[in-house]
Amino acid sequence: MDETELRERVDALLAEHPPASTQRMDFLHARFDAGLAWVHFPEGLGGLGLPRSLQTVAEKALYKAGAPDNDPRRIGIGLGMAAPTILAFGTDEQKQRYLKKLWCGEEVWCQLFSEPGAGSDLAGLATRAVLDGDTWIVNGQKVWTSSAHLADRAIMLARTDPDQPKHAGLSYFIVDMHDPGVEVRPLRQITGEAEFNEVFLTDVRILDSDRLGDVGEGWKVANATLSNERVAIGGGAFPREFGMVMNVAKAWRERPDLRTPETHERLLRGWIDTEVARITATRLRQKLAAGVPGPEGSAMKLSFARINQQLSALDVDLRGDEGLRYESWEMRRPTHVDFFGRDAGFRYLRAKGNSIEGGTSEVLRNVVAERILGLPTEHRVDKDVAWKDLPR
Amino acid sequence: MTLSPSSAAPADVSLLPDDVETDLRASVRKVLEKRAPTDRVNALYDGTDDVTGPLWSAFVELGLPGLLVPESLGGAGASAREAAAVLEELGRAAAPSPFLTSSVIATTVLVALGDTTILPALASGEQTAALLVRPTARQHGPTALTAVGLPADVLLLPEGDALYAVRGATVTPVSSLDMTRPLAEVDLDGAERTLVSADAAAAVDAGLLTGAGLLASEQVGVARWALETTIAYLKERRQFGRVVGGFQALKHRLADLYAEVEQADAAARYAAATLALGDADAPVAVAVAGSFCAEAAVHAAEEAIQLHGGLGMTWEHPAHLHLKRAKADAILLGSPEAHRAALGVLVDLPAPTAG
C-alpha cells in the first residue's frame, strides 16, 4: 500500500463514520479496525504493516477532517512503552486482548519497574513473583510510577528466580491494577505535588497467561520497553523556541527592566542550545524515516536535561525579587507534567528530575560511552553472582 | 541575500547527505590523505610548505575551485551543501587551502554581483581571490590591512558600498597562530584597482554569511577528528594495568563530547542547507552554527590535548594542528560572541540598553 491508497483508506473511514455524527469511542474503534490507529502495526492489530513514516500522513488527514484522537498524552505509557513491548513479545491472544483497548484509551497503563532499592541498578529489583499452579503471587514495592492512580493495567518486572544472577532471574508481567493486593500511594516531590506514586504489591495474583516473554526473559523484554522510552524522550518533533526557553524569551521581551548583560549571554546560549537540539532531533527523525536510526538518540536526553536545568535556573534568576515567590506548595495530583502553567520556581525544581528520570545522566553517559563509542564497560562485580547472595 | 526578518521560520530541509555529497566527501578525503599528511602540515610551522600547492592542484583536478561557480562560467553549479562537505574534510585534515577564502567567500560575492570576468579563472583554479575584510568580520566593514587567504591573485576590496578588484598589491606574510591559515599584511600602494560594482554591500554580506555558515562545517571536521582520534587512543593507552578509556571520568567526558559533536554536525548541516536554498532562515542558522560549532571545535581539540596526556603536548602529535585551527576558526568571520549578538537581533532578544 502506498501513500495514495492510505489516503483513500482514511477517506473511506471518514465517509463511513463521519466524525461530526459519530460517538468518539465508536470512531476510535472504527479507526483501529480500519488499520489506521498505528499504520506500522500489523493488520488486524490496528495497523496495516506500513512504514512508521506514513503514520503522520494518516494523523494529519484525520486531524484535518476534525476526527477525535485518542488523547495520547493521557495514555502515553501505554502507547509508548506497553504497546511496542506487547507487539514484540506478546502472544496472539495477548495482542488481541490488550492492544485495542490500550490504543483507544479504554484502559490506561502504567509501568512498574523502579523500586526503592533498584533505581539505576534496575536489574537488582526485589519484587518477588512465585508460581502457584497457573497463577503468580507477587509481593514487593514499586516507586516512581506515574499514572498508577489512574491506571487499569501495568507492565511489571519481578524476580522469579533468586538463585540466578540478577539479570537472568527476572520475568515480565501484565498486572491488573484493580487487583485487591495493589495499593497506590502518592509520592510527594520537591515541587510540593505528587505526579508519581508508590505502589505496594501484597499477594497480587497474575495468571501465567499474563506473562510477556519466557520465564527468566524479563530483562530482554524490559530493554525493548526502555529503548522505546528513550526514543519517546529523545525523538519528538518540536518547533523553534520551544520548551524551557519559551518562558524565558517571553519574559525577556515583555520585561526590559529585567535585562542584564549576564542574563542576556545565558539566554542566547540557551536559545542556541535549544535550537541545535531541535535541529538534531529533526535529523534523527529524518534518519529514522530513511531507515538508518542514529545512535545519538540516547545522547539527546543528556542534552535536554542540561538545557532544561540551565534555562529553568535562568528563568528564576532573571526575575529578581519575583524569583523569590512560589505559587503554591499545595499537594496536588497532576495527570501529566505541566511546566508552562506554573511559575519559574516550579520549573526550576521540576527540571531537576530531568537528569534522573528515565535513566540518570550518569548512567546514560556510561551507555553512550560503552555502546556508541565502544569504550570498556564498567566492572560488574554482581554479574555472575546469584541474586540472593548479593550484599544489600 | 539580505538579513531576514526576525520572524523567519525554520526551513524544512534534508539534513542527511545525498549520494553526491557522500561521493565528494570520499574523494576529497582520499586526496587529503595523500597530499596533506600530518608531517607535511606540521612542516608549515617550520616554514616549509610542500602541501598548499600540490593540494590545490589536486582540488583543481576534482573541479573543486569552481564548485559554487555557475556552469556557464566553467564551474560545477553546485550548492553550499557540497562546499560544506569539502570544508568538513579540510577541517578533519587541518589542511591549508584557499578553498574557503577564494572558492567560497570571494566566489559567492562575485556570483552575487553577476561577475563574468574574474569568475572563469577562479572556477578553473588558475587564479585565487580573497575578500579584503578584517579576519573577524561577519558583515562588510573596514578594509583589512591584515587578512587571511593570501597570497591571492585578485584581492576584492570593499570601499563603502563599492567593490574593487585589486592586483599587484604588496603582500607580506606574518606568522600566525594557525599556520594552516596563513595571515598576511597588505600594502595597496601602487596596486592596480578596477571597479567591480558600485553597489556591492549586499553581495559582500552574502559572501561573508556563506563563509561563516560553511566555516561551521570545517569546525565540525576539526571536532570529529579530535573526538575520533581521542577515542581510538584511549582504547589503546594503558595505565594502572588498564585501558584508560575504561575510567569513568574519561568515559563521561567523551560521552558529553560525542553529544556536542553530533549536535554541531546537525547545526552545520542545517546552516549549509539553508544557504544552499537561499532560505530566509539562513542568517539565524548561520548565527546558531557559528556560535555552537566554533565552541564545539575548540572544546573537542582541547579535550584531545588533555586526554592524550603528555603526547598531546608534543610537536609530533597532530592534536596541536587541530587546536590551532579550531582556535583561529573561532575568531575568523565572527567570534561566537559576535554570532550570538547577531542572533539576539534576528530573533528579537535584544541586548540590555546601557544605563
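What domains does the domain assignment of chain A give? In this predicted model, the assignment yields domain 1 (1–69), domain 2 (72–230 + 379–392) and domain 3 (235–359). Domain 2 is thus written in two segments, 72–230 and 379–392. Between domain 1 of chain A and domain 3 of chain A, the C-alpha centres are 33 Å apart.

A look at each chain as a whole sets the scene. Chain A contains 11 helices and eight strands, and its C-alpha atoms occupy a box of roughly 70 × 65 × 45 Å along the principal axes. The radius of gyration of chain A is 23 Å, which agrees with the value near 21 Å for a compact globule with 392 residues. Of these 392 residues in chain A, 39% are buried. Counting contacts in chain A between residues at least 6 apart in sequence, 70% link residues at least 24 apart.

Chain B has 11 helices and nine strands. Its C-alpha atoms fill a box of roughly 70 × 50 × 50 Å, again taken along the principal axes. For 355 residues, a compact globule would have a radius of gyration near 20 Å, and the 20 Å found for chain B agrees with this. Buried residues account for 57% of the 355 residues in chain B. Among the contacts in chain B with a separation of 6 or more, 73% involve residues 24 or more positions apart.

The strands of chain A offer a good place to start on the details. Strand S7 (residues 196–207) of chain A pairs with strand S3 (residues 135–143) of chain A in the antiparallel sense, over eight bridges. In this pairing, A:Thr135 faces A:Leu207 in S7(A). S7(A) also pairs with strand S6 (residues 182–187) of chain A, again in the antiparallel sense, over six bridges. Here A:Glu183 stands opposite A:Phe200 in S7(A).

Two residues of chain A deserve a glance for their backbone angles. A:Asp203, which is found in strand S7 of chain A, has a phi near 50 degrees, a positive value in a residue other than glycine. A:Asp203 has 10 other C-beta atoms within 10 Å and therefore counts as exposed, the limit for that class being 12 or fewer. A:Ser147 also has a positive phi, of about 65 degrees, although it is not a glycine. A:Ser147 sits in the loop between S3 and strand S4 (153–159) of chain A. With 23 other C-beta atoms within 10 Å, A:Ser147 is buried, because the class begins at 20 or more.

Turning to chain B, an open sheet of four strands runs in the order S1-S3-S4-S7 (chain B), with mixed pairing. Its edge strands are strand S1 (129–131) and strand S7 (192–197) of chain B, each of which pairs on one side only. On average, neighbouring strands of this sheet are turned by 30 degrees against each other, direction ignored. Within the sheet, strand S3 (residues 154–159) of chain B and strand S4 (residues 162–167) of chain B form an antiparallel pair over five bridges. B:Leu156 lies opposite B:Ala165 in S4(B). Helix H5 (residues 99–112) of chain B packs on the sheet and touches S1 and S3 of chain B, its direction making about 65 degrees with that of S1(B).

The loop between strand S2 (146–148) and S3 of chain B holds B:Pro151. The peptide bond from B:Leu150 to B:Pro151 is cis, with omega near 0 degrees.

Another antiparallel pair in chain B joins strand S5 and strand S6 (residues 183–187), over five bridges. The bridge partner of B:Val174 in S6(B) is B:Leu183. Strand S5 (residues 170–174) of chain B lies largely in the open, because the number buried among its five residues is zero.

Finally, the two chains meet in a contact that takes 35 residues from chain A and 35 residues from chain B. On the side of chain A that touches chain B, the elements giving two or more residues are helix H7 (244–254), helix H8 (261–289), helix H9 (297–318) and helix H11 (361–372) of chain A. H8(A) gives the most to this side, with 15 residues. By class, the side of chain A that touches chain B comprises 19 nonpolar, seven polar and nine charged residues.

Methods:
Residues numbered from 1 in each chain as written. Chains lettered and ligands numbered in written order. Predicted model: local features only at pLDDT ≥ 70, side-chain atom pairs only at ≥ 80, totals over all residues. Pairing = 2+ DSSP bridges. Domains from an automatic or database assignment. Contact = placed C-beta atoms within 7 Å. Nonpolar A, V, L, I, M, F, W, Y, C, P; charged D, E, K, R; others polar. Axes fitted to C-alpha atoms, helices over the stretch in contact; angles between N-to-C directions. Rg over C-alpha atoms; globule rule 2.2 N^0.38 Å.
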